[in-house]
Amino acid sequence: MAHVITRPCCNDGTCVAVCPVNCIHPTPDEPDFLTAEMLYIDPDTCIDCGACVDECPVNAIFPDDQLEAKDEPYLQINADYYKDHDVEGGLVRHPKPPQLPEGQELRVAIVGAGPAAFYAAEELVKKRQIHVDMFDRLPTPYGLVRAGVAPDHAKTKGVESTFGTVEKKRNFTYHLNVEVGTHITGDELRERYGAVLYAVGAPHDRRLGIEGEYLDGSIAATDFVAWYNGHPDYTDHTFDLSAERAVVIGNGNVALDVARILVSDPDQLARTDIADHALEALRASSVREVVVMGRRGIEHGAFTNSEFLSLTELDGVDIVMPDELVLSADAEAAEADGSLDSVIATKVRLAREFADRPRGGDRRIVFEFLTSPTSIVGSDGVEKVAFVRNRYIDDGKIEATDETGEVDAGMVVRSVGYRGRPVPGLPFDDDRAVVPNDDSRVLDAPGGAVVPGLYVAGWIKRGPTGGIGRNRYCGEEAAKAIIADFADGTVTNPDLDASDVVELVTSRGAHRVDLDGWKAIDAVERDAGKQAGRRRVKLVTVEALEAAAHVSADS
């Protein structure tokens, strides 16, 4: 018997370190780790010790004889990875950490409260000499885990337990509902903290650059996801769901999330932590078909196999594939001789299995590969999407053909990626839409000199690539840079301490939420969820969150 990693895998790598036979790959020191969809257990090497089960923060690992029916495909997915990846037994060794200066302390401010921020904080608070203050403009922490992970992926949100452990450390302090740049400036942070780490994400959507992109009914996936997840900035948004067909442009995980939410049974969504206003709108929705449009072929689908496979869990929804799955010449040749990359091979196999499944549902998701939108057509709002078919040419590149067409639609969701925006007080690389950095250390310009004491992590550091697991590695990398600089004396505490921060931000209008306040919010939401048979019922306005945060203080 072996253990199997399933869909909720967040790639955070904690399971790797405890495996006594090194059967979980890719490991953080392997090149594949940075781009891996998930981690995989080698069934031939696993000794069934179960150490990984206890370490997994999202409960994604199971003995192969205890898998639910929906997770049985992961037996093959785990095994497939090792068709073209070698594994050698042995313990994973970690380098000896640097020695911190005796008798000295370091204050670190982290701006942002998402996964990269928390994984950096987790590494930093292990050092008793380091105190972390975490700032976020929202009254709630956890960033995209709360406001980005789809509500029907509850297990993935299990990483919150890891974050919950960090926030309880004595050398950790929350300053939630405090906006850096409004209630306290970046310069004022640098005057009070030896190191300032920005982990502020990439909150803007990329543009299509086509005619009609801003018609009514053409929306950014970033907005739609934030709306159904109850982000306070998007509570008042409304979306017209009166048409029977919607088009999602893009084929990453977010595109599949949006498609899935649009055609999911509202009664199933009612068991999740989806925002109540979104659930009400989806109950009244007329959408019965979602077309997912990707400019390249299935082999280049940006969605993970786990997200793809999760579509099988949709009751009453047909998954429709093109009549022919076109691969590039190189991919066809590799598939024929058995050398096609195992992850891509799995993606192709799953697509063919979808194509062979019987249909009969009253809703459907239709995949259109090698298809690029050329314009969004309509007078007062979206009416059609015009497109051109693409074809593969040499080296897997694509070019447009003469075949064009239109598809009727009342809604278009643009899901072609996220983009970072400039952070006040920090240099910015406009070409890459990131803060220029070298190993997490901020540079004064792309390719320039290091700015001592300033650091970045997450999407604002490397661009919008990778999920929770990649952010763990990125956050830890930033923490290690801070620790190394503290150890060698590059960063030290400034003369001014941080004891006046609470008074300062309060005087400028911040209704600061501390750990007790966040616990009060969490308790209110969970109690409401318990009564409704849900994980939690989210409070979705700043006013409601502030009121809940101060319940304990007022009682």
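## A serine in a loop, two cores and an open sheet

At 29% relative accessibility, S286 counts as partly exposed, because that class lies between the 20% limit for buried and the 50% limit for exposed. Please keep in mind that this is a predicted model. S286 sits in the loop that links α11 (276-283) to β12. Setting aside neighbours within four places in sequence, S286 is in contact with L241, S242, A243 and E244. One of these partners also offers a polar contact: the S286 side chain reaches the backbone oxygen of S242 at 3.5 Å. A329, by contrast, lies 43 residues from S286 in sequence and 41 Å from it in space, C-alpha to C-alpha.

Next comes the sheet. Six strands form an open sheet in the order β10-β18-β11-β12-β14-β13, and their pairing is parallel. β10 (218-220) and β13 (317-320) stand at the edges with a single partner strand each, so one side of each has no neighbour in the sheet. From one strand to the next, the twist averages 20 degrees. Within the sheet, strand β11 (residues 245-249) pairs with strand β18 (residues 411-414) in the parallel sense, over four bridges. In that pair, A246 stands opposite M411 in β18.

Which strands does helix α8 (residues 221-228) touch as it packs on the sheet? They are β10 and β18, and the direction of α8 makes about 70 degrees with that of β10. Helix α9 (residues 253-263) also packs on the sheet, touching β11, β12 (289-293), β13, β14 (363-368) and β18. The direction of α9 makes about 155 degrees with that of β14.

Now for the nonpolar interior. The largest nonpolar core has 127 residues, and I24, F308, I365 and F367 have the most contacts inside it. Helix α16 (residues 468-487) gives the most to this core, with eight residues. A second, separate core has 24 residues, among them Y193, A433, L454 and V501. As background, nonpolar side chains tend to be buried together in soluble globular proteins.

F308 is a handy residue to select in a viewer. Apart from neighbours within four places in sequence, F308 is in contact with L256, I298, F303, M321, K347, L350, A351, F354 and F367.

Another group of strands centres on β22. Strand β22 (residues 450-456) is mostly covered, with five of its seven residues buried. Its two pairings are set out here.

| Strand paired with β22 | Sense | Bridges | Residue pair |
|---|---|---|---|
| β8 (residues 195-198) | parallel | three | L197 and Y455 |
| β21 (residues 441-443) | antiparallel | two | R441 and Y455 |

Y455 thus appears in both rows: L197 stands opposite Y455, and Y455 is the bridge partner of R441. β21 and β22 form a hairpin with six residues between them. In the turn, G447 has a positive phi of about 75 degrees.

Finally, there is helix α19 (residues 542-549). Which of its residues are buried? They are L545, E546, A548 and A549. Viewed down the axis of α19, these buried residues fall within an arc of 165 degrees, so they line one face of the helix.

Conventions
Residues numbered from 1 in each chain as written. Predicted model: local features only at pLDDT ≥ 70, side-chain atom pairs only at ≥ 80, totals over all residues. Heavy atoms only, no water. Core = buried A, V, L, I, M, F, W, Y, C linked by side-chain atoms within 4.5 Å. Buried < 20%, exposed > 50% of the residue type's maximum accessible area, 1.4 Å probe, protein only. Contact = heavy atoms within 4.5 Å. Pairing = 2+ DSSP bridges. Arc of directions from axis to C-beta. Axes fitted to C-alpha atoms, helices over the stretch in contact; angles between N-to-C directions. Polar contact = N/O pair within 3.5 Å; in protein donor to acceptor, adjacent residues only side chain to side chain.
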